[in-house]
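Here are my notes on the model you sent over. I've gone through it one spot at a time, so keep the viewer open while you read.

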Amino acid sequence: MRGEDGAAPGGLAGQTVVVVGGSAGIGLETARQVRAAGGEVVLAARNAERLQRAADELDPLSTAAFDAQDTDRLERFLRALPGQVDHVLVTAGSPSYTPLAELDLAHAGREFGGRIAMVLATARASRQKVRAGGTLLFIGGTGGRRPAVGMAVMGALTAALPALTANLALEIAPIRVNLIAAGFVDTPLSASLLGDQLEERREQLRKTLPIGRVVGPADVAALALHIMANEALTGATYDIDGGQQLVAH
Ligand SMILES: NC(=O)c1ccc[n+]([C@@H]2O[C@H](COP(=O)([O-])OP(=O)(O)OC[C@H]3O[C@@H](n4cnc5c(N)ncnc54)[C@H](OP(=O)(O)O)[C@@H]3O)[C@@H](O)[C@H]2O)c1
């Protein structure tokens with residue numbers, strides 16, 4: 001599709017993007033931007049009602065309600081998609097911050113292994129499903145790079161995802177594999193984690209971030225669309241945090 005001369009990325013018109021986690025937050029906003037760019041979307045998430053609300057807005061090719069941590073189900077979903085798709089974005093998942101003293105080891109193992117397995121299952125099932133030059137796109141974070149009490153599992157996962165991304169990019173080439181590492185993003189997930197401290201956190205970020213404002217899901221979605229369209233990008237991790245890593249918060 002693109003030349004080998006460094007041509008600028010084209011748009012996503014006519015392309016199909018599968019969004020696992022497409023009913024809220026970063027996934028929903030990415031699906032909105034894909035539709036606005038003339039692309040088609042397939043949406044998946046657990047809660048069928050919220051998924052239906054997203055479908056009413058975005059008119060997807062199809063929807064599927066399931067838990068992506070069930071990797072057999074995830075692989076069946078991907079393999080059952082009709083024909084080939086251009087890109088798969090997986091945003092399913094949420095962070096957990098548990099001090100060692102309160103850690104349930106079996107749970108921690110499931111959490112860590114489950115997140116890795118979700119990426120591996122997506123990659124395995126995508127080999128015959130995603131076209132050459134399309135991308136698998138996963139979301140990690142920047143917060144877990146800074147050691148802190150309660151961050152052992154998150155920190156290990158944060159370190160593992162870029163390695164997983166790079167290895168898979170080699171193994172399933174010419175399908176591309178990329179990772180977005182986000183700082184605080186103002187989504188329903190952040191709202192549920194922070195509760196009544198959300199506005200205080202926003203205000204703190206407005207004051208301390210070099211960009212002087214809070215990063216929103218539309219910012220991350222714009223990066224996701226660029227990574228999908230730019231066929232020179234694979235095996236890499238793209239930070240988007242408004243400079244959060246550069247300041248103390
Ligand atoms: N927001 C942040 O500040 C931030 C920062 C760094 C990294 N991240 C990561 O970015 C990703 C997206 O975050 P977000 O803020 O956009 O979250 P969000 O607002 O909670 O949206 C998550 C979406 O994924 C779906 N989902 C969650 N778990 C799922 C599962 N097991 N199977 C299928 N669908 C699932 C949700 O719908 P259902 O609940 O109905 O399934 C929803 O559509 C997460 O992995 C998060 O850890 C977020």
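1. A word on terms before anything else: buried means under 20% relative accessible area, exposed means over 50%, and partly exposed is in between (1.4 Å probe, protein chains only). By that yardstick A221 is buried, because its relative accessible area is 0%. You'll find A221 in helix α8, residues 217-229. Helices here are DSSP runs of H or I with at least four residues, strands are runs of E with at least two, and both are numbered from the N terminus.

2. Some housekeeping. This is a predicted model, where local features need pLDDT of at least 70 and side-chain atom pairs count only at pLDDT 80 or more, while totals for chains, interfaces and linings use all residues. Residues are numbered from 1 along each chain as its sequence is written, and side-chain values use heavy atoms, with hydrogens and water left out.

3. Back to A221: what does it touch, leaving aside residues up to four places away in sequence? The partners are E29, T30 and Q33, where contact means heavy atoms within 4.5 Å. T30 deserves a look, since its C-alpha is 4.4 Å from that of A221 although 191 residues separate the two along the chain.

4. Now go to helix α3, residues 71-79, where L74, E75, F77 and L78 are buried. Why do these residues line one face of the helix? Viewed down the axis of α3, the buried residues fall within an arc of 160°, so they share one face; the arc is taken from the directions from the helix axis to the C-beta atoms. As background, an α-helix has 3.6 residues a turn, so residues three or four places apart point the same way. On the other side of α3, D72 and R76 are exposed. The cover over the buried residues of α3 includes β1 (16-20), β2 (40-45), β3 (62-65), β4 (85-90) and α4 (105-126).

5. Searching the whole structure turns up 1 aromatic pair. F66 and F77 make it, 5.0 Å centre to centre with 45° between the planes, which counts as tilted. For the record, rings of Phe, Tyr and Trp (its six-membered ring) pair if their centres lie within 6.5 Å; planes under 30 degrees apart are stacked, over 60 edge-to-face, and the rest tilted. F66 sits in the loop between β3 and α3 while F77 is in helix α3, so the pair ties together parts 11 residues apart in sequence. Both rings belong to buried residues, F66 and F77.

6. α3 also packs against α4, at an angle of about 25° and with the axes 9 Å apart. Axes are lines fitted to C-alpha atoms, for helices over the stretch in contact, and angles run from 0 to 180 degrees between N-to-C directions. That makes α3 roughly parallel to α4: angles under 35 degrees count as roughly parallel, over 145 as roughly antiparallel, 65 to 115 as roughly perpendicular and the rest as oblique. From α3, the contact uses T71, L74, E75, L78 and R79, and from α4 it uses A117, M118, A121, T122, R124, A125 and S126.

7. Which residues join helix α1 to helix α2? L28, A31, R32 and R35 of α1 meet A54, E57 and L58 of α2. Helix α1 covers residues 25-36 and helix α2 residues 48-58; the angle between them is about 15° and their axes are 11 Å apart. α1 and α2 are therefore roughly parallel to each other.

8. Two backbone spots to check by eye. The peptide bond from A173 to P174 is cis, with omega near 10°, and P174 is in the loop between α5 and β6 (176-182). D59 isn't a glycine, yet it has a positive phi of about 50°. D59 belongs to the loop between α2 and β3 and counts as exposed because its relative accessibility is 52%.

9. Last, two more alanines. A24, in the loop between β1 and α1, counts as buried at 17% relative accessibility. Setting aside residues up to four places away in sequence, A24 touches R50 and P188. A166 is in helix α5, residues 152-171, and is partly exposed at 36% relative accessible area. A166 and A236 are 6.3 Å apart, C-alpha to C-alpha, and 70 residues apart in sequence.
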